[in-house]
Amino acid sequence: MILGDLINYKGGIINLEIGLVIIRIEGKKVMMNFNILLLGNNKAVLGMPWLQEYNLRINWIIGDVEI
């Protein structure tokens with residue numbers, strides 16, 4: 001789901017995934033795979049398993065994220 005809307009992409013089949021990518025969040029290296037979807041203006045969507053693993057601290061008012 002994105003903003004409460006279900007994602008329906010080609011019948012729910014994700015048919016393109018890139019290999020392992022190293023990204024930096026606040027100076028920390030995080031390795032992850034990305035599924036490729038046409039999501040419009042969204043740059044990336046983080047799923048619940050990822051959010052649970054990294055347990056981010058998010059200030060929704062000012063848009064600040066700490067890992």
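Begin with the whole protein chain coloured by accessibility: buried residues make up 12% of its 67 residues, in what is a predicted model. With a surface switched on, the protein chain exposes about 5,800 Å², and carbon and sulfur atoms supply 57% of that area.

Next, change to a cartoon view and follow the chain from the N terminus, where the elements run β-β-α-β-β, giving 1 helix and 4 strands in total. If you draw the contacts between residues at least 6 apart in sequence, 25% of them join residues at least 24 apart.

**Strands 1 and 2**

Select isoleucine 23, which belongs to strand 1, residues 17-25. Its relative accessibility is 23%, so isoleucine 23 counts as partly exposed, the cut-off for buried being under 20%. Setting aside residues up to four places away in sequence, isoleucine 23 touches Lys28, Lys29, Val30 and Met32.

From that list, move to lysine 29, a residue of strand 2, which spans residues 28-35. Is lysine 29 buried or exposed? Lysine 29 counts as exposed because its relative accessibility is 57%, and the class of exposed residues begins over 50%. When neighbours within four places in sequence are left out, lysine 29 is in contact with Ile22, Ile23 and Arg24, so that the contact with isoleucine 23 can be displayed from either residue.

**The loop before the helix**

Now select leucine 46, in the loop between strand 2 and helix 1. At 36% relative accessibility, leucine 46 counts as partly exposed. Which residues does leucine 46 touch, not counting those up to four places away in sequence? They are Met32 and Leu51, and Met32 is also among the residues touched by isoleucine 23. For a distance to display here, take the C-alpha atoms of leucine 46 and phenylalanine 34, which are 9.5 Å apart, the two residues being separated by 12 residues along the chain.

**The second largest pocket**

Keep leucine 46 selected and bring up the second largest pocket, whose volume is about 360 Å³. Its lining consists of 13 residues, and those nearest its centre are Leu46, Leu51, Ile58, Trp60 and Val65. The elements that contribute two or more residues to this lining are helix 1 (48-54), strand 3 (57-59) and strand 4 (64-66). Colouring the lining by residue class gives 10 nonpolar, 2 polar and 1 charged.

**From helix 1 to strand 4**

Continue to asparagine 55, which sits in the loop between helix 1 and strand 3. A backbone torsion display is useful at this stop, since phi of asparagine 55 is near 45°, a positive value in a residue other than glycine. With 57% relative accessibility, asparagine 55 counts as exposed.

Finally, show the side chains of glutamate 66 and arginine 57. How many salt bridges does a search of the whole structure find? The search finds 1, and glutamate 66 forms a salt bridge with arginine 57, with the closest N and O atoms 3.4 Å apart; this pair meets the criterion because a salt bridge requires such atoms within 4 Å. Glutamate 66 counts as partly exposed, because its relative accessibility is 33%.

Methods:
Residues numbered from 1 in each chain as written. Predicted model: local features only at pLDDT ≥ 70, side-chain atom pairs only at ≥ 80, totals over all residues. Heavy atoms only, no water. Buried < 20%, exposed > 50% of the residue type's maximum accessible area, 1.4 Å probe, protein only. Contact = heavy atoms within 4.5 Å. Areas by Shrake-Rupley, 256 points an atom, 1.4 Å probe, with all protein chains shown as cover. 1 Å grid on protein atoms, 1.4 Å probe; cavity = no way out; pocket = protein on both sides within 12 Å on 5 of 7 lines; lining within 4 Å. Points joined across faces, edges and corners; volume = space filled by probe spheres on them. Nonpolar A, V, L, I, M, F, W, Y, C, P; charged D, E, K, R; others polar.
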